[in-house]
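The questions below go through a model with its sequence and coordinates at hand, and each answer works towards one value or name. Please keep the structure open while reading.

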Amino acid sequence: MMGNVATEPIPPFERFYVAHRDEVLGYLRRLLGQRAEDAWQETFLRALRAYDRLEHGRHLRAWVFTIATNVAMDDLRARPQPQPDGEPSVELRRDAFRDLEHLTGDLPPTERAAVVLRYGYDLAYVQIADALGSSEEAARAAASSGVRRLRRTHERHA
Amino acid sequence: MNVTPDLDARFREVALREGLVDVRYDIVDSPIGSLFVAATEQGLARIHFRPDGQEEALARIFGVRVLRSALDDVRRELNEYFDGTRTSFDLPIDLRVAPFHAEVLRELALVPYGRTETYGALAAKVGRPRAARAVGTVMNRNPIPIVLPCHRIVGANGSLTGYAGGLDVKRRLLELEGATLL
């Protein structure tokens with residue numbers, strides 16, 4: 001059940017931090033590998049700097065994934081990034097993602113973030129769009145493109 | 001993917017160093033049970049006898065940036081007090097209470113170790129000799145018990161009357177201090 005904006009209090013930072021620290025580190029490891037720890041600390045410092053300006057306690061999980069994605073993108077954008085393929089969108093089943101997950105490290109950064117947020121953390125495209133700073137269509141296109149790229153890589157390795 | 005204790009400790013340290021925390025807290029073990037202690041940058045702000053759920057109360061009073069972190073000075077002085085080697089506290093205090101409460105609590109802090117005082121006598125010291133009941137309310141809401149020694153305040157007939165941590169704890173603190181009990 002969704003709480004009313006006015007009645008959804010902001011939890012003490014400690015509770016927010018303990019609730020999300022592990023999965024945010026997992027997410028950043030998927031995006032950045034060994035460089036995840038610095039990005040993880042930066043993510044929670046940014047969250048803490050902004051925390052007393054929050055207006056309500058809704059969607060805090062999506063909010064911290066957005067911050068983590070921004071931090072990771074700053075790191076990843078230093079590297080070349082192929083263009084999305086522009087083909088019609090595709091979706092993956094959860095179990096299919098488990099077979100392909102180990103290949104996400106080879107995806108370009110935006111596609112990697114979109115795919116991992118969508119299939120690894122079950123975020124909606126509107127939340128992924130927030131995280132990527134893009135439109136919902138662009139988020140869906142990035143995830144689709146990533147899925148096709150994963151499948152091609154998987155077939156090559158199969 | 002679990003955050004290691006090392007990574008966790010590093011984050012808390014940087015958060016404090018950068019001044020991003022409204023209030024920090026810790027749980028200190030003591031002979032009278034676990035104590036929830038909280039401090040701002042100004043000083044010790046809270047001691048609670050029941051640790052559960054105090055984070056929300058801190059967030060309402062001091063701000064939502066509540067972070068758990070070791071309060072070494074508070075822990076050390078409390079340990080020394082319970083070992084019987086400390087008879088007064090040197091910790092800075094952050095007292096955010098109404099003026100009358102502040103006045104009574106400042107006077108309370110002067111009641112010596114191992115001695116008791118009545119509610120009425122404390123009321124007289126702040127110039128309100130008939131306000132024993134109001135002084136009782138201040139004791140009841142004392143945000144920093146033990147350090148601000150409301151356990152030393154007793155009824156006119158010497159009875160222990162009441163205590164946030166329970167009468168048994170009040171008795172044990174007075175016994176620790178070697179106070180004469182009726």
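Q: What covers the buried residues of α6(B)?
A: This is a predicted model, in which local features need pLDDT of at least 70, side-chain atom pairs count only at pLDDT 80 or more, and totals for chains, interfaces and linings use all residues. Residues are numbered from 1 along each chain as its sequence is written, while chains are lettered from A and ligands numbered from 1 in the order in which they are written. Helices (DSSP runs of H or I, at least four residues) and strands (runs of E, at least two) are numbered from the N terminus, and two residues are in contact if their C-beta atoms, placed from the backbone, lie within 7 Å. On these terms, the cover of the buried residues of α6(B) includes α4 (99-108), α5 (119-125) and β6 (153-154) of chain B.

Q: Why do the buried residues of α6(B) line one face of the helix?
A: A residue counts as buried if 20 or more other C-beta atoms lie within 10 Å of its own, as exposed if 12 or fewer do, and as partly exposed in between, with C-beta atoms placed from the backbone. In α6 of chain B, residues 132-140, the buried ones are Val135(B), Val138(B) and Met139(B). Seen down the axis of α6(B), they line one face because they fall within an arc (of the directions from the helix axis to the C-beta atoms) of 100°.

Q: Which residues are exposed on the other side of α6(B)?
A: An α-helix has 3.6 residues a turn, so residues three or four places apart point the same way. Away from the buried face of α6(B), which holds Val135(B), Val138(B) and Met139(B), the exposed residues are Arg133(B) and Asn140(B).

Q: Is Pro129(B) buried or exposed?
A: Pro129(B) sits in the loop between α5 and α6 of chain B, where, leaving out residues up to four places away in sequence, it touches Gly120(B), Ala123(B) and Ala124(B). From C-alpha to C-alpha, Pro129(B) is 9.3 Å from Tyr119(B), which is 10 residues away in sequence. Because Pro129(B) has 11 C-beta neighbours inside 10 Å, it counts as exposed.

Q: Around what arc do the buried residues of α7(B) lie?
A: Helix α7 of chain B, residues 167-176, has Lys170(B), Leu173(B) and Leu174(B) as its buried residues. They are on the same side of α7(B), because around the axis they cover an arc of only 95°.

Q: Which residue follows α7(B) with a positive phi?
A: On the side of α7(B) away from its buried residues, Asp168(B) and Glu175(B) are exposed. After α7(B) comes a residue whose phi is positive, near 75°, and this is Gly178(B).

Q: In what order do the 4 strands of the open sheet in chain B lie?
A: Strands are taken to pair if DSSP finds at least two bridges between them. β1(B), residues 23-28, runs parallel to β4(B), residues 66-68, with 3 bridges, whereas its pairing with β2(B), residues 35-39, is antiparallel and has 5 bridges. The edge strands, each pairing on one side only, are β3 (44-48) and β4 of chain B. The pairing in the sheet is thus mixed, and the order is β3-β2-β1-β4.

Q: Which residue of β4(B) stands opposite Tyr25(B)?
A: Between β1(B) and β4(B), Val23(B) has Val66(B) as its bridge partner. On the β2(B) side, Arg24(B) stands opposite Ala39(B). The residue of β4(B) opposite Tyr25(B) is Arg68(B).

Q: What is the radius of gyration of chain B?
A: Chain B contains 7 helices and 6 strands. The radius of gyration is taken over C-alpha atoms, and the globule rule is 2.2 Å times the number of residues to the power 0.38. That rule gives 16 Å for 182 residues, and chain B is as compact as a globular protein of that length because its own value is close to this, at 18 Å.

Q: Which element gives the largest share of the side of chain A that touches chain B?
A: In the contact between the chains, 18 residues of chain A meet 19 residues of chain B. On the chain A side, the elements giving two or more residues are α1 (13-32) and α2 (36-51). The largest share, 8 residues, comes from α1(A).
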